[in-house]
Amino acid sequence: MPDKALIVIDMQNDFCPGGALAVSGGDEIVPEANHLIRSSEHVILTQDWHPSGHKSFASSHDSAAPFSTVDMAYGPQTLWPDHCVQGTFGAEFHPELNWTKAELVVRKGFRPAIDSYSAFFENDRKTPTGLGGYLNERGLTKLVLCGLATDFCVAYSALDAARLGFKVTVIMSACRAINLGGSLAAQTEAMRAAGVRLA
Ligand code: VGL
Ligand code: ZN
């Protein structure tokens, strides 16, 4: 369909087993992601892309543990192990992901003091990545999402997309979750309530 785009979220080494912020079973979805890529006319990828010393890293805060929460200028922020540092192997796409036909790679999280889960807006919920405008200009109104992690970057992207008026489907079988403090159930319910189709 000419008005439909697949968005593959953060299929990067650091989110796969052996990576710095490994999502359990993250690599298992590569074959299904490849199948979705093959059968989609338009493919967009997102790539978590942090400078070293990024403010979302626990290591950038005095005596803060990974997976704890701190208050940032824009609100509460979960602190993560150092991951997806620009130019490192961990930031590269999984070696078996067939990404060559992707028409756009959206990099996010590159501002040193703002994290960005969503493919559309950074965690201050105000700074746009530009993806919404890109999709609108190209007339891509129907979005299919898969990737990592279900309860963070996939869910934030799906919720923003729905709010912006896109018709959104998340292929849950081609996603895996971090699941921090019940985040998977909460975000699944939030997506359902926002009218996101969960397939
Ligand atoms: C992600 C935490 C930090 C994700 C990215 O891709 O879901 N989660 N950075
Ligand atoms: Zn990140």
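In this predicted model, the zinc ion (ligand 2) takes its protein donors from D48 (OD), H50 (NE2) and H83 (NE2), at 2.0 to 2.2 Å. Donors are N, O and S atoms within 2.8 Å of the metal (3.2 Å for Na, K and Ca); water is not among the atoms, so sites may look incomplete. The donor residues follow the spacing D-x1-H-x32-H. The 4 donor atoms subtend angles of 89 to 168 degrees, so the arrangement is irregular. D48 and H50 are both buried (under 20% relative accessible area, 1.4 Å probe, protein chains only).

D48 and H83 are also among the residues around ligand 1, as are D10, F15, L21, W80 and Y117. L148, A149, F152, C153 and I178 complete this set (a heavy atom within 4 Å). A polar side-chain atom of H83 lies 3.1 Å from a nitrogen atom of ligand 1. An oxygen atom of ligand 1 lies 3.1 Å from a backbone N or O atom of A149. A polar backbone atom of C153 is likewise 3.1 Å from an oxygen atom of ligand 1. Alone, ligand 1 exposes 260 Å², and the protein buries 100% of that (Shrake-Rupley method, 1.4 Å probe).

Residues are numbered from 1 along each chain, chains are lettered from A and ligands numbered from 1, in the order written. Local features need pLDDT of at least 70, side-chain atom pairs count only at pLDDT 80 or more, totals for chains, interfaces and linings use all residues, and side-chain values use heavy atoms, without hydrogens and water.

Technical notes: Tetrahedral: all angles 85-135°; square planar, octahedral: opposite > 155°, others 65-115°. Buried < 20%, exposed > 50% of the residue type's maximum accessible area, 1.4 Å probe, protein only. Polar contact = N/O pair within 3.5 Å; in protein donor to acceptor, adjacent residues only side chain to side chain.
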